[in-house]
Structures are given as structure tokens and as C-alpha cells.
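Please work through the exercises below with the sequence and the structure at hand, trying each task before reading its solution.

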Number of protein chains: 2
Amino acid sequence: MSEPEAGQLEAAVLDAADELAACRKLFALEEGTVYLDGNSLGALPRSVPDRLADVVEREWGRLLIRSWSESDWWNAPERTGDRIAPLLGAAPGQVVVGDSTSVNVFKSLVAAVRVAREDTPAGQPARTEILVDAATFPTDGYIAESAARMTGSQVRAVPAAQMAEAAGPATAAALVNHVDYRTGELHDPAAATVGVHRAGGRIVWDVCHSVGALPVELDAQGADFAVGCTYKYLNGGPGAPAFLYVRRELQPRFDSPLPGWTSHRDPFAMASGYEPAEGASRGRVGTPDILSMLALEEALRVWEGVDMAAVRAKSLALTDFFLTRVRAHVPEGRVTSLTPESHELRGSQVSLLCEGELRADAERVMAALHERGVLGDFRRPGVLRFGFTPLYTSFGDAERAAAALGEAVRAVEGER
Amino acid sequence: MSEPEAGQLEAAVLDAADELAACRKLFALEEGTVYLDGNSLGALPRSVPDRLADVVEREWGRLLIRSWSESDWWNAPERTGDRIAPLLGAAPGQVVVGDSTSVNVFKSLVAAVRVAREDTPAGQPARTEILVDAATFPTDGYIAESAARMTGSQVRAVPAAQMAEAAGPATAAALVNHVDYRTGELHDPAAATVGVHRAGGRIVWDVCHSVGALPVELDAQGADFAVGCTYKYLNGGPGAPAFLYVRRELQPRFDSPLPGWTSHRDPFAMASGYEPAEGASRGRVGTPDILSMLALEEALRVWEGVDMAAVRAKSLALTDFFLTRVRAHVPEGRVTSLTPESHELRGSQVSLLCEGELRADAERVMAALHERGVLGDFRRPGVLRFGFTPLYTSFGDAERAAAALGEAVRAVEGER
């Protein structure tokens, strides 16, 4: 048996034993495409088009304004939040859907600074520092700078692994990514949380690259706030609304910098003075974006009955297998993995850095993969990202992608 | 001929002469429903369902991540903004779509304060005041309070008509509604703009209740910033993304409090330092909400070839006729109009305040109207709001609504 045949056989054996294999049929994926970009835009769940057509034609078109009550549009942010909550290890009533991740980072960081300052006794040093992990997704850093500027703080960037020890008496808030978007490295926000709390600060978890890919334990691990997007592993659609988690104990103290009318205790009183709602609703701002939110709500149905431990196990098996098959198919020295080998440090993506002469050609390598029906993405400088989404990625996909990567590298090198 | 017959005849004559009558067939309105709530949620344009199905099934489902470039999702915020621009009297390149109105009020007020302070020579009194019109839609006031708190300012509420004279050396920014959401009164933001500018401040126009209902002249009348929603007279769908106008000269100085990654000069460099984009793109924040935004983009096609002067003329004719027919149908003393009789002071809605014993029953009157197929809305205390949307409201609708209101009042009084 040739090496490629052995890989295909091994993939077939793994796929036959995969308890999540049946989930793939819930998605509208075309045969012939290996989709490894679900960490950027999740695939379309098959039930979404019909549901969205009903929302548009019946709920909007025929019921019109009555749908705010009759179709319960009004409560969609909290209802959809409660659908996401189990994937976050969160009891109901703590998650609200709306706005973008960036806007939710702003809300939660400002609120975190305010809580930390309120808890600091007079006479103690002022809390004027926001910690961010040094390799954070850019928007988190940009928004943190704005939150710092507007609350009289400074941002200090520290490696995620050192956040716990970096937190000190000046720390008001910290923002940590659960998984590094570029390398796929899994951080330990629980450890950061312990350290930040010990120092008297509050912490915001960014779970954009972990929710739906691996177990998240916000309640159990003491997160104060969390934000995340819903268009990656949650398959909510392009630019689907993000979510905000506010720990129950902190909800009465959640002092939003964006106190829009729908977060008012009695929005339809149209009162001139702001009185915040109870609960997660306090994280709302303006009129909820119904079309996108109800598409997301429908998309979340694919998670019914799914065990996150099984998702995690398959994710690790997929990325292990892919890394092995890349070594088998890709000529030596062309790519190295930025994603840690250790399971404890790995999210659900594999990032391969092109080496030597290939680095300048990395974007062409990704284009050559696209031509071969393998969709991953490219991030400067020279990084090929492959997201593994356990609900619809098969081991056969991983084998095919690795084989195609070998071909793509040879093709690009052959063009020189 | 009876009085009701005379009203129906007059409506038929007016409808026959209506040059916008043909626009109604662009909307999916059911026969038997008189929809007078387009100032809260615009009706569904007929072409939206097919376009949205294509976005979901082909662009998302099949092209997947490639649609960011191949379907030009990335530029949807600016492209859709340029479709709205003519309705705002704005040259291209000054409007960006995204986020909610509340979030855009925050961005623009904070940016306005920053510009005004930068323009104030050292030694002058500090600009620490944000003016809002006293009858503003609540969210504008709540968000203004937050913007004030985070920029070291105070909010001062003044009647819209007095804003020009109220502006003084401490005024950093002012926020004025073009049309009062409750009474339908049309304000004069151009006059306010002159006054605020004379005082050295900057002004934000909230055009939620005017865009698509009457001519707006942002460029000609010197507005610095403007915000508005797209789900009322622009028919973008429930909670459709809002827009932000930043006057061209101010764009290089637009210093956003929400500098998300998509407003970066080179977003895919994923640089750790923020450098703002040129132009209206600077008003972007997070990943654009594609499903809702492309539904809106499609919905805006109903405006092709529509003359805003004709829209305004029909709007005034409709509201004139409705007020006349209300006097004919509703027993005397039951309702008074909060909406000014003068055309110069009227937007595109009629707000009727229930008087005497009827005030406590106003919500039941609106329910009785709904039972009769006439959809308006109720606002506490005792206000019945009827929005007139010239593209799809007919004079026949206005007659039917007035007749139904007479019946509804009698029915509610009969139940006592």
C-alpha cells in the first residue's frame, strides 16, 4: 500500500468510528469542497434558509410591527443568549446577543474598570491599568486602548501566560483570549482569572476562537465578563451578532458605557432618565438586529444533543491527524506548525508558517489550495490557517487537505 | 352623498392623481391591511426575500469565506452608505452603514466633543457641555449622558427650537432630532447648526424620523455628523443596521471611541497599533453584519428614480387629508393632534392624544384599530401614532384609518 493509500485508509477508519459524523449532514456543504475556514466563517446549517425566509416573508412581511410581541422578537437577544449559554458553561440569564465583538469588548472592559475601582477602598492606589495579552486579536487591543483612554487608564500588553503574575494593585481590568487567533494556541484564562482576582481586578475573556470548538467554563472558572462572536464555530452567518456574558453576581453592578434604550428597565415608558434593566438585558444597546439574530438562533439548533467533550476529543484527533499527514505529504522544511503539539495548548486550528523561500509565496500556496477545493485562509506574514470544526470536518477532509497542500507547495515551487 | 361616501370619493380622486402610486406594488403589503406604522418598521420590499435567499444559499452556503471578496461583502458598509447618501443630501463617501443608532450616537458625540476641543485655543474656557433637545428620543439622551461622563462633560437639555441661542462658549457638541419621534414635529436643525457653529461647537443630527420621509440636506446645511436608522422609512427590516454620516472635511479628524479592526487603514495587516482608515470607513467598528446589511441594500432599490420633493408633497397631502378625515369621523373632543398643523413644523406622522376619559383607554383604542386592520402604534401616555409612508400609503388608506378610528373610539366608549 502506498503512503497516500495508507492515509486514506486511516482516515476512513477514523471517520467510521466518529460519533459526530452524523452532524455533517446538518450543513449545506458541497461535495468536492474541503472547508477548513470554519474558524473564520462557519458553514451554513441547512435549516437556516427556510427559517430566514419565514422570518422575512411572514414575520416581517405579513405580521409587520406585531412581530415584536407576537413573534417575540423583543426577547431574541436574551433567548438566543440562553441558547449559547450551555456552550459557554454558563447558567441561563447571563448571556445577551447583539452588537459586534468589538463593541462588546468596549462595554465589558469599561464595566470591568468601573467595578474594580468601586471595590478599591479609599487610600489604596488608583487602578489605572488594563492588561491585554500581547498577541491579542488587533481589535481587542485597539478597543482596549480606547477604553483605557476614556477611563483614565493605560494599556499594558503582557504575554497571556504571564497575565496572572503581571496583575497588581494598579490593575483594573484584564482582557485575555482563550485561543490565539493566529497560532491556535490555547491559553489558560482560568489561571489568569485567579491572578487578576487576587490582585483585585476584573477579567474579560474573549472566547471568539473557542466557543463551539472546545469546552468553555465561564461559571466554574470565575470569568467576570466574556465576549465572543457567533460566525465562526457557531455558524451564525457572516457578521452575525456577537454575545456578551455578564456573571450573575456582577449584573447589578454592570455600568454600561452604551446604555441604549433597550437596556432600560421599562423601555416603552420612553423615560428621560436612564434606569438599567435587571439581568443580562443590561448589556443590550439599540434595537436588536432581528434578521441576523434569528438566523443565528436557528443555526444554534445544530448543537442540540452535542456533547462538548466529544467535540473536543474529535478536534484534537483531527488536528493530530492533519499534522501527521502534513508531515507525510509536504516536502520537508517547507512549513512548520505554529500550533503547539501539546493538547493542553492547542485550540481547534492548525497554523502552518511557510519557511524559507516559500514564505513570500504563502498567499499563492493558499490560492493553489483553493484551486484544489481546499479552503483555508492566509494571514500575513506567511501563515496558512486551517480551522477544524468537529461538527462537519471529517478525517477524510484532513487527509485530502494535507495531500492538496503537498501538491500546492510543489506547484508553487515549480512555477519559480 | 353621505359624509363617508364623500371621503371615499375624495380619496379616490387623490389616489388617481398620485404620481407615487405605482411604488406601492414594490412592497409586499396585504390587501385588507392599512399599514400606518412604517415610521416604526417599514414594510417589506418585494425583492428582498429572493435577494436574501441568494445571499444565504449561494454567497454564504456555497462561496463561503470567498464571498468577503468575490461577493464584495467587505465593502458593503460603504456601498450601502452611498445608496443612502442621496436621501440625506450627501455626496458619496460620507456615509457608512453598521451598528445601531445608539452606538452611532456615541461615536459621533464623542468625536464631536474631541473636534470642538481641538479647535478651542488654549486659554479659552473648556468646552464641557453637550446640548440635547429636551424632547429627544430617550436613547439619544441616555447615550449623550454616557458620552458626557466619558469625556468630562455635562448634558444640558434645551428645547430644539432654542438650541441655536443656547449654544455658548462651553458647548462642545449638540445633538438634535430632525423630527420629534412622539409628536411628529419637524425641527430646524439647520438653524441649530448655525448657532452651534457660531459658538464653536459641533452638531450631530439624528434623522431617524426624517430620512426617507422628507428631504434632508446634510451637505448643504452644514451638518457635522448625522445618525439614523434604516428600518423605518428606509424599509431595511427589523433592527436593520444604522448609518453614520461624517462630513468630508471632518473625516481626517474623526477620532472614534470605537476604533474596531475594520476601521483600520490596513485591517488584514493585523497590526498591533491602530491607524485609522481614510474616509467614511473610519466610522466602521467590527465585522459588518452581512445578512441584515444586504437585505437593506436590496430594500433601498425602491428609491431608484424617486424624487424626494414628490415624497414630501405627498406626505403633507396625506397627513392633511388624514387630519381632516379624523375630524369628520371621530366624535368631537376625543382626540387632539400633537402634530403641528403648519407644514413647516410637520414630519410624516400624525400623533393624536386621547383626551378626557379616553386617555386611559388609548391602548384599547389602538387594539380596536388593529382588529379593524389598521396598524398604528401606541405611546404612553395616551398617544396614537400614525406614520405616513408616501411610497406605499394611499389616500384610501388614510380615509379608511380615520373611519376605523371613529368606530374604534365608539366601540371602546360603548364597552364602558
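The exercises that follow concern a predicted model, and each task is followed by a worked solution.

**Exercise 1. The interface between the chains**

Task: Determine how many residues of chain A are in contact with chain B, and describe the area that the two chains bury between them.

Solution: Begin with the contacts, where 76 residues of chain A meet 76 residues of chain B. Then turn to the area, since the size of an interface is often given as the accessible area lost when the parts come together. Here chain A and chain B bury about 6300 Å² between them, and 66% of it lies on carbon and sulfur atoms. Of the area that chain A buries against chain B, 13% comes from Trp60(A), Tyr142(A) and Met150(A), which is more than any other three residues supply.

**Exercise 2. Polar links and the make-up of the contact side**

Task: Count the salt bridges between chain A and chain B, and find which helix of chain A gives the most residues to the side that touches chain B.

Solution: There are six salt bridges between chain A and chain B. One of the salt bridges joins Arg62(B) to Glu30(A), with the closest N and O atoms 3.9 Å apart; this pair counts because the cut-off for a salt bridge is 4 Å. Polar contacts, taken between residues that are both at pLDDT 80 or more, link 19 residue pairs across the two chains. Next, look at the helices: α2 (48–60), α5 (101–118), α6 (138–150) and α9 (290–299) of chain A each supply at least two residues of the side that touches chain B. With seven residues, α6(A) gives the most. By residue type, that side of chain A divides into 43 nonpolar, 20 polar and 13 charged residues.

**Exercise 3. A serine in a helix**

Task: Establish whether Ser292(A) is buried or exposed, and which residues Ser292(A) touches beyond four places away in sequence.

Solution: First locate Ser292(A), which lies in helix α9 of chain A. Its relative accessible area is 1%, so Ser292(A) is buried, the cut-off being under 20%. Beyond four places away in sequence, Ser292(A) touches Pro241(A) as well as Asp289(B), Leu291(B) and Ser292(B). Two of these contacts can be followed to the side chains: that of Ser292(A) makes a polar contact of 2.4 Å with the side chain of Asp289(B), and a polar contact of 2.9 Å joins the side chains of Ser292(A) and Ser292(B).

**Exercise 4. Annotated positions**

Task: Explain why the positions of the UniProt feature "binding site" in chain A do not all gather at one spot, and describe the surroundings of Phe137(A), Tyr231(A) and Lys232(A).

Solution: The "binding site" feature, from an unreviewed UniProt entry, includes Phe137(A), Tyr231(A) and Thr287(A). Its positions span 187 residues in sequence and the farthest two C-alpha atoms are 30.6 Å apart, so they do not all gather at one spot. Take Phe137(A), which is placed in the loop between β3 (129–133) and α6 of chain A and is buried at 17% relative accessible area; among its contacts are Asn177(A) and Trp261(B). Tyr231(A), in the loop between β7 (225–228) and β8 (243–246) of chain A, is buried at 12%, and its contacts include Ser40(A) and Thr287(B). Lastly, the unreviewed UniProt entry lists Lys232(A) for "modified residue: N6-(pyridoxal phosphate)lysine". Lys232(A) lies in the loop between β7 and β8 of chain A and is buried, with a relative accessible area of 10%. Its contacts include Cys208(A) and His209(A), and a polar atom of the side chain of Lys232(A) lies 3.4 Å from the backbone oxygen of Asn39(A).

Key
Residues numbered from 1 in each chain as written. Chains lettered and ligands numbered in written order. Predicted model: local features only at pLDDT ≥ 70, side-chain atom pairs only at ≥ 80, totals over all residues. Heavy atoms only, no water. Contact = heavy atoms within 4.5 Å. Buried area = accessible area lost by both parts, 1.4 Å probe. Salt bridge = Lys/Arg side-chain N within 4 Å of Asp/Glu carboxyl O. Polar contact = N/O pair within 3.5 Å; in protein donor to acceptor, adjacent residues only side chain to side chain. Helix = DSSP H or I, 4+ residues; strand = E, 2+ residues; numbered from the N terminus. Nonpolar A, V, L, I, M, F, W, Y, C, P; charged D, E, K, R; others polar. UniProt positions renumbered as here; feature names shortened; annotations may be inferred. Buried < 20%, exposed > 50% of the residue type's maximum accessible area, 1.4 Å probe, protein only.
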